[in-house]
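Good morning, colleagues. I should like to take you through one structure today, and I ask you to keep the display in view as I speak.

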Amino acid sequence: MKICVLGLGYIGFPTACLFANANLEVIGVDLNHAMIEKLNHGELPFEEKGLEELFENALPNMRFKTEVEESDVFIIAVPTPLNKEMKMADLKYVRSAAEMIYSHLRKDNLIILESTVPPGTCDKLLVPVLEKSGLKVGRDFYLAHCPERAIPGNTIYEMVHNDRIVGGIDKKSTALAKSLYSCFVEGTFYLTNTITAEFVKLMENTFRDINIALANEFAQIAEECEVNVWEAIELANKHPRVNVLKPGPGVGGHCIAIDPWFLTENSTRCRIVSLAREINDGMPNHVLQIVKGMLKGVNNPVITVFGVAYKGGVDDTRETPALKFIKLAENEGYKVKVHDPYVKEFEYGVLKLEEAVKDSDCIILITDHPEFKEINPKEMSSLMRTKNIIDTRNILDAERWKEAGFKVKVLGEGKE
Ligand code: SAJ
């Protein structure tokens, strides 16, 4: 069995490795020449728990190139970015992947879409392009949507152990896709049609976005009511049917901050979905207002951002709320310095801890990297010009920072 995986990003690459690791022949395809070169030299494209070892084992069964070749299965795992102006999916990469495949399509091939897409994409976009091959879907070739569910930071484990939704264009497509993924998936398969699978994936990420928005709204209400939202959430979650998520500086990543818009783009009925996006997108500005309150009267303020990854423990900065926050802070006239133990490149640069903190007037912890808990407040205290710190994730030991002379604010903490 030969599989061609199109798109070697955060999902496509580990998926390709898992198939190769299960002894299938895998051709990894990506248009990024530099990346293909690196992969052919056995270099990892990004860091992820367990990926290095998996790649090492899988490598003998893998080849990487920039063009598609004839295969038994084609898996499309390309990005589906958001057209920010139109608030809808930009499907150009899905379309061009299908364009690359159709001239290599043979009878009995199976095509699987893993990328997250608006409902109807398999039927309305993929089928017409693939049928340009002269072959007919359901008769000559098979098509299914198998959305991924793996969480960055624990991708490999979740790809293997999570349950999976498989939605085929017909029963045979569904059965073929299920049987293929069975070579590494240990979770349960749930079978449906393509459009339902597309819809389910969007529902999952929208559910999370809305629940984070609720936590963020609770945090803002708590600040007005002089309540500590973190204590309140802990207590509310003692209820057997309540599970409030965590407030924070906003929602980042390539999934939750984007996918809800794929539901709203074809519907006139979305209200709570769009509102949740607005609330979460408004959090960087809310954090800025807290900073402004703290830095009143400070001349030529310099601030230090702790963490630009979109969440703790990863080096991924896609859609990070840190970027929105930094842009707003710069507009406000603040000089911004950045420290992140995971991120190596960022458009505002990344400094070593001491350099980032030196002569700063306020530290703003944006990302919940565990390393930040280990920082010694006393050492930071001697470096700062004005000793202020804002913890938007409630991960620091506020008492230790206070003892070191810092004024401490925690997002969602109404009382001093
Ligand atoms: N966040 C909060 N509060 C929380 C949880 C998360 O502010 O209580 C923030 C994070 O800091 C981050 C963002 O939300 O900025 C998203 O992080 P996440 O860990 O919730 O999710 P992702 O984007 O890394 O991965 C999600 C997952 N989806 C769900 O949990 C429903 C994952 O299972 C999907 O596979 C992935 O999207 C995807 O690729 O679609």
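I shall discuss the sheet, then the nonpolar cores, then one helix.

This is a predicted model, in which local features need pLDDT of at least 70 and side-chain atom pairs count only at pLDDT 80 or more, while totals for chains, interfaces and linings use all residues. Residues are numbered from 1 along each chain as its sequence is written, and side-chain values use heavy atoms, with hydrogens and water left out.

Let us begin with the sheet. Its 8 strands, taken as DSSP runs of E of at least two residues and numbered from the N terminus, form an open sheet in the order 3-2-1-4-7-8-9-10, with mixed pairing. Pairing requires that DSSP find at least two bridges between two strands. Strand 3 (62–65) and strand 10 (189–193) are the edge strands, each pairing on one side only. Strand 1 (residues 2–6) and strand 2 (residues 25–29) run parallel over 5 bridges, and K2 stands opposite E25.

Next, the cores. A nonpolar core is a set of buried Ala, Val, Leu, Ile, Met, Phe, Trp, Tyr and Cys residues joined through side-chain atoms within 4.5 Å; buried means under 20% relative accessible area with a 1.4 Å probe, protein chains only. The largest such core has 40 residues, and M62 is among those with the most contacts inside it. Helix 1 (residues 12–21) supplies the largest share, 6 residues; helices are DSSP runs of H or I of at least four residues. A second, separate core of 34 residues includes F74 and L143.

Finally, in helix 5 (residues 121–130), 7 of 10 residues are buried, including L125 and V129.

How values were computed:
Buried < 20%, exposed > 50% of the residue type's maximum accessible area, 1.4 Å probe, protein only.
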